[in-house]
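Grab a pen and work through a couple of pocket exercises. Each one comes with its solution, step by step.

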Amino acid sequence: MNRRGTLRRCANSLYTLPAMILLFMFLIVPLGYTVYCGMYQYKYMVRGNFMGLENFIYCLTDETILSSFLTTFFITFVATAIAIVLGLLLALWIDSRTGWFSYLIEMIGLIPWVISMVVAGLLWRWLFHGDLGLFNVFVKAIGLDPVNVIQQKVPAVTALIFVMSWRTIGYAMIMILAGLKGLDHTLLEAAKVDGASPLQTLLRIKLPLIKSSVLLSTIVLTVSNFTNNTVPKVLTNGGPLDATNVITLQQYNMSFTYYEFGRSSALSVLVMIVTVIIIACYMKVARYEL
(Lines give C-alpha, C1' and ligand atoms only; values in the text may rest on other atoms or scores of the structure.)
Protein backbone atom coordinates (compact mmCIF):
# COMPACT_ATOMS: atom_id res chain seq x y z
CA MET A 1 0.00 0.00 0.00
CA ASN A 2 2.80 2.43 0.87
CA ARG A 3 4.59 1.68 -2.38
CA ARG A 4 1.37 2.15 -4.34
CA GLY A 5 0.68 5.43 -2.56
CA THR A 6 4.21 6.64 -3.32
CA LEU A 7 3.80 5.79 -6.99
CA ARG A 8 0.45 7.57 -7.07
CA ARG A 9 1.96 10.71 -5.53
CA CYS A 10 4.83 10.61 -8.03
CA ALA A 11 2.37 10.22 -10.90
CA ASN A 12 0.27 13.12 -9.58
CA SER A 13 3.34 15.34 -9.33
CA LEU A 14 3.95 14.80 -13.06
CA TYR A 15 0.77 16.75 -13.77
CA THR A 16 2.41 19.88 -12.35
CA LEU A 17 5.61 19.36 -14.33
CA PRO A 18 4.58 21.41 -17.44
CA ALA A 19 3.54 24.35 -15.25
CA MET A 20 6.77 24.11 -13.26
CA ILE A 21 8.82 24.07 -16.46
CA LEU A 22 7.05 27.19 -17.75
CA LEU A 23 7.47 28.87 -14.36
CA PHE A 24 11.19 28.07 -14.41
CA MET A 25 11.65 29.28 -18.00
CA PHE A 26 9.68 32.51 -17.81
CA LEU A 27 10.21 33.54 -14.17
CA ILE A 28 13.19 31.92 -12.48
CA VAL A 29 15.61 32.10 -15.42
CA PRO A 30 14.88 35.77 -16.35
CA LEU A 31 15.06 36.76 -12.69
CA GLY A 32 18.40 35.01 -12.25
CA TYR A 33 19.75 36.58 -15.45
CA THR A 34 18.61 40.03 -14.30
CA VAL A 35 20.50 39.60 -11.02
CA TYR A 36 23.51 38.39 -13.01
CA CYS A 37 23.43 41.42 -15.31
CA GLY A 38 23.06 43.72 -12.31
CA MET A 39 26.48 42.58 -11.08
CA TYR A 40 28.29 43.54 -14.27
CA GLN A 41 28.99 46.71 -16.19
CA TYR A 42 26.56 46.17 -19.05
CA LYS A 43 26.48 49.04 -21.53
CA TYR A 44 25.23 48.92 -25.13
CA MET A 45 24.57 45.18 -24.59
CA VAL A 46 28.29 44.56 -24.03
CA ARG A 47 29.33 42.93 -20.77
CA GLY A 48 32.14 44.74 -19.02
CA ASN A 49 33.90 44.30 -15.71
CA PHE A 50 32.42 42.56 -12.70
CA MET A 51 30.89 45.22 -10.43
CA GLY A 52 29.58 43.17 -7.54
CA LEU A 53 27.05 45.25 -5.62
CA GLU A 54 28.22 48.61 -7.00
CA ASN A 55 25.24 48.94 -9.36
CA PHE A 56 22.84 48.23 -6.49
CA ILE A 57 24.63 50.75 -4.26
CA TYR A 58 24.48 53.33 -7.04
CA CYS A 59 20.71 52.83 -7.39
CA LEU A 60 20.27 53.22 -3.62
CA THR A 61 22.32 56.43 -3.42
CA ASP A 62 21.55 58.28 -6.65
CA GLU A 63 19.36 61.32 -5.92
CA THR A 64 17.41 61.05 -9.18
CA ILE A 65 16.49 57.41 -8.53
CA LEU A 66 15.54 58.08 -4.90
CA SER A 67 13.38 61.00 -6.04
CA SER A 68 11.71 58.71 -8.58
CA PHE A 69 11.00 56.19 -5.82
CA LEU A 70 9.38 58.87 -3.65
CA THR A 71 7.29 60.11 -6.58
CA THR A 72 6.22 56.55 -7.36
CA PHE A 73 5.25 55.85 -3.74
CA PHE A 74 3.14 59.00 -3.55
CA ILE A 75 1.33 58.50 -6.86
CA THR A 76 0.84 54.76 -6.26
CA PHE A 77 -0.62 54.95 -2.77
CA VAL A 78 -2.86 57.95 -3.47
CA ALA A 79 -4.21 56.44 -6.69
CA THR A 80 -4.73 53.04 -5.03
CA ALA A 81 -6.49 54.56 -2.02
CA ILE A 82 -8.85 56.53 -4.24
CA ALA A 83 -9.63 53.46 -6.36
CA ILE A 84 -10.28 51.21 -3.35
CA VAL A 85 -12.50 53.72 -1.55
CA LEU A 86 -14.56 54.59 -4.62
CA GLY A 87 -14.66 50.95 -5.71
CA LEU A 88 -15.96 49.96 -2.27
CA LEU A 89 -18.64 52.65 -2.32
CA LEU A 90 -19.76 51.66 -5.82
CA ALA A 91 -19.79 47.97 -4.88
CA LEU A 92 -21.92 48.66 -1.80
CA TRP A 93 -24.30 50.80 -3.85
CA ILE A 94 -24.66 48.19 -6.62
CA ASP A 95 -25.06 45.37 -4.08
CA SER A 96 -28.06 47.15 -2.57
CA ARG A 97 -29.84 47.35 -5.93
CA THR A 98 -31.13 44.93 -8.54
CA GLY A 99 -32.11 45.20 -12.18
CA TRP A 100 -30.52 46.17 -15.44
CA PHE A 101 -29.21 49.53 -14.20
CA SER A 102 -26.83 47.89 -11.71
CA TYR A 103 -25.47 45.61 -14.45
CA LEU A 104 -25.00 48.64 -16.69
CA ILE A 105 -22.96 50.41 -14.00
CA GLU A 106 -20.81 47.30 -13.58
CA MET A 107 -20.05 47.14 -17.30
CA ILE A 108 -19.32 50.85 -17.58
CA GLY A 109 -17.08 50.77 -14.51
CA LEU A 110 -15.02 47.90 -15.90
CA ILE A 111 -14.36 49.48 -19.30
CA PRO A 112 -11.33 51.60 -18.18
CA TRP A 113 -9.64 48.47 -16.81
CA VAL A 114 -10.02 46.37 -19.95
CA ILE A 115 -9.14 48.96 -22.61
CA SER A 116 -5.55 49.45 -23.72
CA MET A 117 -3.46 51.61 -21.40
CA VAL A 118 -1.90 53.29 -24.44
CA VAL A 119 -5.35 54.25 -25.72
CA ALA A 120 -6.37 55.48 -22.27
CA GLY A 121 -3.21 57.54 -21.89
CA LEU A 122 -3.56 59.13 -25.32
CA LEU A 123 -7.25 59.82 -24.70
CA TRP A 124 -6.59 61.73 -21.50
CA ARG A 125 -3.55 63.48 -22.98
CA TRP A 126 -5.78 64.86 -25.72
CA LEU A 127 -8.49 65.80 -23.21
CA PHE A 128 -5.93 67.68 -21.08
CA HIS A 129 -4.36 69.44 -24.09
CA GLY A 130 -3.70 73.08 -23.28
CA ASP A 131 -5.38 74.59 -26.36
CA LEU A 132 -7.70 72.01 -27.89
CA GLY A 133 -8.49 69.72 -24.99
CA LEU A 134 -12.06 69.21 -23.86
CA PHE A 135 -11.03 69.98 -20.26
CA ASN A 136 -10.05 73.52 -21.14
CA VAL A 137 -13.16 73.93 -23.25
CA PHE A 138 -15.22 73.54 -20.06
CA VAL A 139 -12.79 75.74 -18.14
CA LYS A 140 -13.20 78.52 -20.69
CA ALA A 141 -16.97 78.02 -20.74
CA ILE A 142 -17.24 78.90 -17.05
CA GLY A 143 -15.07 82.00 -17.50
CA LEU A 144 -11.73 80.74 -16.17
CA ASP A 145 -8.32 80.81 -17.80
CA PRO A 146 -7.17 77.60 -19.49
CA VAL A 147 -4.83 75.33 -17.54
CA ASN A 148 -1.82 73.67 -19.13
CA VAL A 149 -2.30 70.47 -17.17
CA ILE A 150 0.57 68.45 -18.61
CA GLN A 151 3.02 71.37 -18.58
CA GLN A 152 2.75 72.26 -14.87
CA LYS A 153 4.05 70.21 -11.94
CA VAL A 154 1.08 69.99 -9.57
CA PRO A 155 -1.58 69.64 -12.31
CA ALA A 156 0.52 66.99 -14.06
CA VAL A 157 0.88 64.89 -10.88
CA THR A 158 -2.83 65.35 -10.18
CA ALA A 159 -3.74 64.32 -13.72
CA LEU A 160 -1.57 61.20 -13.50
CA ILE A 161 -3.16 60.19 -10.17
CA PHE A 162 -6.60 60.83 -11.63
CA VAL A 163 -5.99 58.71 -14.73
CA MET A 164 -4.48 55.82 -12.76
CA SER A 165 -7.40 55.93 -10.31
CA TRP A 166 -9.94 56.12 -13.15
CA ARG A 167 -8.34 53.07 -14.75
CA THR A 168 -8.50 50.91 -11.62
CA ILE A 169 -11.78 51.82 -9.92
CA GLY A 170 -13.72 49.29 -12.00
CA TYR A 171 -11.43 46.43 -11.01
CA ALA A 172 -11.75 47.25 -7.31
CA MET A 173 -15.52 47.55 -7.69
CA ILE A 174 -15.89 44.13 -9.35
CA MET A 175 -13.59 42.34 -6.90
CA ILE A 176 -15.28 43.81 -3.82
CA LEU A 177 -18.72 43.27 -5.32
CA ALA A 178 -17.87 39.59 -5.84
CA GLY A 179 -17.02 39.38 -2.14
CA LEU A 180 -20.29 41.04 -1.19
CA LYS A 181 -22.31 38.69 -3.39
CA GLY A 182 -20.68 35.74 -1.68
CA LEU A 183 -21.78 36.74 1.83
CA ASP A 184 -24.16 34.53 3.75
CA HIS A 185 -27.45 36.43 3.77
CA THR A 186 -28.57 34.66 6.93
CA LEU A 187 -25.95 36.64 8.85
CA LEU A 188 -27.28 39.91 7.45
CA GLU A 189 -30.86 38.94 8.21
CA ALA A 190 -29.90 37.92 11.76
CA ALA A 191 -28.19 41.26 12.31
CA LYS A 192 -31.28 43.07 11.02
CA VAL A 193 -33.52 41.06 13.37
CA ASP A 194 -31.22 41.91 16.28
CA GLY A 195 -31.70 45.60 15.53
CA ALA A 196 -28.32 46.39 13.96
CA SER A 197 -28.23 49.60 11.95
CA PRO A 198 -26.98 49.59 8.33
CA LEU A 199 -23.73 51.23 9.52
CA GLN A 200 -23.21 48.59 12.20
CA THR A 201 -23.93 45.83 9.69
CA LEU A 202 -21.37 47.32 7.34
CA LEU A 203 -18.64 47.78 9.95
CA ARG A 204 -19.19 44.61 12.01
CA ILE A 205 -20.25 42.06 9.38
CA LYS A 206 -19.69 43.08 5.75
CA LEU A 207 -16.25 44.67 5.92
CA PRO A 208 -14.64 41.92 8.06
CA LEU A 209 -16.05 39.23 5.78
CA ILE A 210 -14.85 40.88 2.56
CA LYS A 211 -11.40 41.63 3.96
CA SER A 212 -9.81 39.13 1.57
CA SER A 213 -11.41 40.78 -1.48
CA VAL A 214 -10.35 44.25 -0.36
CA LEU A 215 -6.82 43.07 0.45
CA LEU A 216 -6.44 41.26 -2.87
CA SER A 217 -7.71 44.31 -4.77
CA THR A 218 -5.32 46.56 -2.86
CA ILE A 219 -2.33 44.33 -3.57
CA VAL A 220 -3.15 43.95 -7.27
CA LEU A 221 -3.75 47.66 -7.79
CA THR A 222 -0.68 48.68 -5.80
CA VAL A 223 1.57 46.41 -7.83
CA SER A 224 -0.15 47.50 -11.06
CA ASN A 225 0.26 51.21 -10.28
CA PHE A 226 3.79 50.85 -8.89
CA THR A 227 5.06 49.02 -11.98
CA ASN A 228 2.95 50.89 -14.53
CA ASN A 229 5.12 52.31 -17.27
CA THR A 230 2.62 52.83 -20.07
CA VAL A 231 0.29 55.44 -18.59
CA PRO A 232 3.06 57.76 -17.25
CA LYS A 233 5.02 57.36 -20.49
CA VAL A 234 2.10 58.24 -22.74
CA LEU A 235 0.44 60.84 -20.52
CA THR A 236 3.33 62.94 -19.19
CA ASN A 237 6.57 61.18 -20.18
CA GLY A 238 7.96 62.03 -16.75
CA GLY A 239 7.51 65.77 -17.09
CA PRO A 240 7.39 68.55 -16.43
CA LEU A 241 10.86 68.80 -14.85
CA ASP A 242 10.71 65.16 -13.67
CA ALA A 243 7.59 65.84 -11.59
CA THR A 244 6.03 62.57 -12.78
CA ASN A 245 9.26 60.66 -13.38
CA VAL A 246 8.16 57.41 -11.74
CA ILE A 247 10.61 54.56 -11.19
CA THR A 248 9.48 52.60 -14.25
CA LEU A 249 10.30 55.57 -16.49
CA GLN A 250 13.68 55.77 -14.78
CA GLN A 251 14.25 52.10 -15.62
CA TYR A 252 13.16 52.70 -19.21
CA ASN A 253 15.48 55.68 -19.65
CA MET A 254 18.45 53.86 -18.11
CA SER A 255 17.90 50.92 -20.46
CA PHE A 256 16.85 52.46 -23.76
CA THR A 257 18.11 56.05 -23.57
CA TYR A 258 21.46 55.68 -21.79
CA TYR A 259 21.88 51.92 -22.45
CA GLU A 260 23.02 51.29 -18.88
CA PHE A 261 21.66 47.75 -18.78
CA GLY A 262 23.69 46.75 -15.74
CA ARG A 263 22.30 49.54 -13.60
CA SER A 264 18.79 49.13 -14.97
CA SER A 265 18.94 45.40 -14.13
CA ALA A 266 20.00 46.23 -10.58
CA LEU A 267 17.19 48.78 -10.35
CA SER A 268 14.70 46.16 -11.60
CA VAL A 269 15.75 43.79 -8.81
CA LEU A 270 15.35 46.57 -6.24
CA VAL A 271 11.88 47.40 -7.57
CA MET A 272 10.91 43.74 -7.23
CA ILE A 273 12.20 43.67 -3.63
CA VAL A 274 10.29 46.85 -2.77
CA THR A 275 7.13 45.39 -4.28
CA VAL A 276 7.47 42.21 -2.20
CA ILE A 277 8.01 44.30 0.95
CA ILE A 278 4.87 46.35 0.21
CA ILE A 279 2.80 43.18 -0.21
CA ALA A 280 4.20 41.74 3.03
CA CYS A 281 3.35 44.98 4.86
CA TYR A 282 -0.22 44.88 3.53
CA MET A 283 -0.67 41.32 4.75
CA LYS A 284 0.89 42.16 8.12
CA VAL A 285 -1.34 45.20 8.67
CA ALA A 286 -4.46 43.29 7.58
CA ARG A 287 -3.41 40.30 9.74
CA TYR A 288 -3.99 38.03 6.77
CA GLU A 289 -2.59 34.50 6.75
CA LEU A 290 -2.18 32.26 3.72
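**Exercise 1.** Sort the lining of the second largest pocket by residue class, then say where the lining comes from.

*Solution.* By class, you should get six nonpolar, one polar and one charged. Here Ala, Val, Leu, Ile, Met, Phe, Trp, Tyr, Cys and Pro count as nonpolar, Asp, Glu, Lys and Arg as charged, and the others, Gly among them, as polar. Before going on, note that this is a predicted model, where local features need pLDDT of at least 70, side-chain atom pairs count only at pLDDT 80 or more, and totals for chains, interfaces and linings use all residues. Residues are numbered from 1 along each chain as its sequence is written, and side-chain values use heavy atoms, leaving out hydrogens and water.

Next, the names: the lining is made up of Lys211, Val214, Leu215, Thr218, Cys281, Tyr282, Val285 and Ala286. A pocket is an open set of points on a 1 Å grid over the protein atoms alone, where a 1.4 Å probe fits, with protein on both sides within 12 Å along at least five of seven lines; lining residues have an atom within 4 Å of a point.

Last, the elements: helix 11 (211–226) and helix 14 (261–285) each give two or more residues, and helix 11 gives the most, with four. Helices are DSSP runs (H or I, at least four residues), numbered from the N terminus.

**Exercise 2.** Find which helix gives the largest share of the lining of the largest pocket.

*Solution.* Helix 10 does, with five residues. As for classes, this lining splits into seven nonpolar, three polar and three charged residues.
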